[in-house]
Structure formats: structure tokens, C-alpha cells
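Here are some short exercises to work through with the structure open beside you. Try each task before you read its solution.

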Amino acid sequence: MAVILCDLDHFKRVNDELGHPTGDEVLKAFASRIRGVLRDSDSAGRVGGEEFLLVLPETDLEGAGLLAERLRSALANEPVQLASGQRAVTCSLGFGCQRASDPDSGALVARVDGALYKAKGQGRNQACSA
């Protein structure tokens, strides 16, 4: 099993500059792009303000990395269409696989969260492996 943690880059700026209704439009567009890259067996959910967790059963690290990059490029390469016009939006992602040494799924999510913050620290709009 693999998981991907996604966070929209500079989302607070969207809410501050364009308002929360526009921020909601961006979140809906991102959720739609997530659905566009997932398999039927995968799951996704919003776990925080602009953070989404994807659960990928029977997926190895390479597969998780490929999916994370597909999602990143699906967002970065096509501006989000909003009622007020188009807006370029990017995301940062962390991904990883369950290890036999993980005491529970929380350990995996914690490692992936660290990878997400590594992606943000390295300039955003990228995916990093846990």
C-alpha cells in the first residue's frame, strides 16, 4: 500500500486575494483532477484546509511516484477555470509505501508528511518520496 499527501501551494494567498468562495472553486477543481488520475481501487479525501490524502492499495513506491507526478502535472499544466477567470495553481506532494517496520498506518502518514514538507522546502510544485 502507498499513500500520497497533497497540499495546494500558496492556497492562503488564493483565499486572501480572491475570497473563500473562489478558494472553494479551486478545491473543487483540484478534487476533480485527483479523481481523474485515480484507479477504481484508490481512495482520496480532504484531510485539512487544502490538504488531500490518497490511499493506493497494491501500489509500490515507483507506482506512487508516477501517480504523484501525474497529479502534479495535471494541476500545474492547466490553469484552473474560475468564475473570475483562469488561475495557475500548483501543489506539493509527498508519497511513500507501508513498511513492515511501521507500527501502524500513522507511521506511514507521518513519513509521507515529512516528504511533503521536503517538497515545499525545495521550492514547491514537486513530489518527494518518503
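**Exercise 1: A strand with two faces**

In this predicted model, both faces of β1 are covered: A2, I4, C6 and L8 lie buried on one side, and V3, L5 and D7 lie buried on the other.

Task: Work out how many residues of strand β1 (residues 2–8) are buried.

Solution. Start with the cut-off: a residue is buried when its relative accessible area is under 20%. Next, go along the strand: seven of its seven residues are buried, so by this definition β1 is mostly covered.

**Exercise 2: Partners of β1**

Task: Find which strands pair with β1, and in which sense.

Solution. Take β3 (residues 51–56) to begin with: β1 pairs with it in the antiparallel sense over six bridges. To see one of these partners, look at C6, whose bridge partner in β3 is F52. Then turn to β6 (residues 91–97), which also pairs with β1 in the antiparallel sense, over seven bridges. Here D7 stands opposite S92 of β6.

**Exercise 3: Two helices in contact**

Task: Decide how helix α1 (residues 11–18) and helix α2 (residues 20–37) are oriented to each other, and describe their contact.

Solution. Begin with the geometry: the helices pack at an angle of about 140 degrees, and their axes are 7 Å apart. Angles over 145 degrees count as roughly antiparallel and 65 to 115 as roughly perpendicular. The angle here fits neither class, and α1 and α2 are therefore oblique to each other. Now list the contact residues: α1 contributes F11, V14, N15 and L18, while α2 contributes H20, T22, G23, V26 and L27. Finally, sort them by type: five are nonpolar, four are polar and none is charged.

Terms used: Residues numbered from 1 in each chain as written. Predicted model: local features only at pLDDT ≥ 70, side-chain atom pairs only at ≥ 80, totals over all residues. Heavy atoms only, no water. Axes fitted to C-alpha atoms, helices over the stretch in contact; angles between N-to-C directions. Helix = DSSP H or I, 4+ residues; strand = E, 2+ residues; numbered from the N terminus. Parallel < 35°, antiparallel > 145°, perpendicular 65-115°, else oblique. Contact = heavy atoms within 4.5 Å. Nonpolar A, V, L, I, M, F, W, Y, C, P; charged D, E, K, R; others polar. Buried < 20%, exposed > 50% of the residue type's maximum accessible area, 1.4 Å probe, protein only. Pairing = 2+ DSSP bridges.
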